Amino acid sequence: MDTIRQISFDVVHRLKRAETSEQLFQELQSAGGDFGYDSFIVTGLPQRPSELLADCSLLVGWPLEWAQRYTERDYVRVDPVIEHIRHTIDPFVWSEVAYDRAEPGPARVMNEAPSFGLVDGYCVPVHRIDGREAGVSFGAARLDLSDDARAGLHMIAVYAFSKAASLRSDAAAAPERGASRRCSQREIECMRWAAAGKTSWETSEILTLSQRTVETYLASAAKKLHAVNRVQLIAEALRRGLID
């Protein structure tokens with residue numbers, strides 16, 4: 001049986017070969033089966049008060065409901081895990097983070113997360129050469145990491161962030177900002193209802209469309225906005241002001 005060290009190197013090799021954000025997302029999702037995490041996020045951190053987490057996120061593999069709640073309530077301003085990333089270069093387990101439990105903001109984030117399957121997690125800070133801060137965080141309902149697994153996730157996180165940032169830069173530089181990249185009114189309507197927490201079936205009932213048509217509109221919008229899943233699609237649509 002492969003050791004966790006060999007598995008880690010294999011994952012990194014596949015991450016380096018990923019040609020799209022979709023492939024990168026799938027590789028990170030698949031690796032969760034070997035390391036025991038259920039969700040993940042690859043993101044920069046807001047540098048200005050006006051900047052949202054959605055402006056910085058590269059890959060969002062959080063549960064949809066938690067991602068929506070986190071964004072709507074602007075938890076990035078009070079999340080003790082985010083604050084800890086800013087003050088350390090060492091990977092850490094969420095439960096190791098000290099915070100004032102009397103403060104309502106941090107306590108709310110940490111108390112609500114387990115309801116969405118995020119009981120504990122492992123976070124790898126990424127401090128970039130330009131001074132900007134970032135991190136890769138892996139969440140789980142139950143976390144029990146060996147020293148080798150921690151080292152492996154550390155390496156995987158660094159490569160995942162580098163690759164995700166590179167793919168985002170390539171996408172931004174691509175000459176695809178013309179009319180063909182604009183979302184249609186129907187696509188925007190479907191994204192708006194998705195952001196409100198409606199399923200594709202519920203949206204189809206509201207808009208008097210078939211469920212397959214709704215899913216086609218959402219897939220088309222995701223392709224235009226370079227989103228790899230519905231959470232990231234909603235975040236990108238919010239960032240661009242397509243929905244509110």
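Buried means under 20% relative accessible area. Keep that cut-off at hand for the exercises below, which all use a predicted model.

**Exercise 1. The sheet and its edges**

Task: Work out the order in which the five strands form the open sheet, and which strands stand at the edges.

Solution:
- Start with the order, which reads E2-E1-E5-E4-E3, with antiparallel pairing.
- Next, look at the ends: E2 and strand E3 (92–93) each have a single partner strand, so one side of each is left without a neighbour in the sheet.
- Now check two of the pairings. E1 and E2 run antiparallel and are joined by four bridges, while eight bridges join E4 to E5, also antiparallel.
- Individual residues can be placed too: Val42 has Leu59 in E2 as its bridge partner, and Val124 has Val136 in E5.
- Finally, ask how covered E2 is. Five of its five residues are buried, so by the under 20% cut-off E2 is mostly covered.

**Exercise 2. The largest nonpolar core**

Task: Find which residues of the largest nonpolar core touch the most other members, and which element gives the most to this core.

Solution:
- The core has 34 residues, and those touching the most other members are Leu28, Phe35, Tyr37, Val42, Leu59 and Phe161.
- Several elements each supply at least two residues of this core, among them helix H1 (4–17), helix H2 (21–35), strand E1 (39–44), strand E2 (57–61) and helix H7 (147–173).
- H7 gives the most, with nine residues.
- Take Leu59 as a close-up. Leaving aside neighbours within four places in sequence, its contacts include Leu24, Leu28, Phe40, Val42, Ala164 and Val228.
- Apart from this core lies another, of 24 residues, including Tyr70, Phe92, Met110 and Ala113.

**Exercise 3. Rings and a charge**

Task: Count the aromatic pairs, then describe how Tyr37 and Phe40 are arranged.

Solution:
- The count comes to eight aromatic pairs.
- Tyr37 and Phe40 form one that is edge-to-face, at 6.4 Å centre to centre with 80 degrees between the planes.
- Both partners can be checked for burial: Tyr37 is buried, with a relative accessible area of 6%, and Phe40 is buried at 3%.
- Elsewhere, ring pairs link Trp62, Trp66, Tyr70, Tyr75 and Phe116 into a cluster.
- A charge also meets a ring: the charged end of Arg101 sits over the ring of Tyr99, 4.5 Å from its centre.

**Exercise 4. Following Ala107**

Task: Place Ala107 in its helix and name its contacts beyond neighbours within four places in sequence.

Solution:
- Ala107 is found in helix H6 (residues 104–112).
- Its relative accessibility is 11%, so Ala107 counts as buried.
- Beyond its sequence neighbours, Ala107 is in contact with Tyr99 and Arg101.
- For a sense of distance, Ala107 and Ser210 are 103 residues apart along the chain, and their C-alpha atoms are separated by 42 Å.

**Exercise 5. The cysteines**

Task: Explain why Cys183 has no bond to the closest cysteine sulfur.

Solution:
- Recall that a disulfide is a covalent bond between the sulfur atoms of two cysteines.
- The cut-off here is 2.5 Å between the sulfur atoms.
- The sulfur of Cys183 is 11 Å from the closest cysteine sulfur, in Cys190, and therefore too far for a bond.
- The structure accordingly holds zero disulfides.
- As for surroundings, Cys183 counts as buried because its relative accessibility is 14%, and Cys190 counts as buried at 0%.

Conventions: Residues numbered from 1 in each chain as written. Predicted model: local features only at pLDDT ≥ 70, side-chain atom pairs only at ≥ 80, totals over all residues. Heavy atoms only, no water. Buried < 20%, exposed > 50% of the residue type's maximum accessible area, 1.4 Å probe, protein only. Phe/Tyr/Trp six-rings, centres within 6.5 Å; stacked < 30°, edge-to-face > 60°. Lys NZ or Arg CZ within 6 Å of the ring centre and 35° of its normal. Core = buried A, V, L, I, M, F, W, Y, C linked by side-chain atoms within 4.5 Å. Contact = heavy atoms within 4.5 Å. Pairing = 2+ DSSP bridges.
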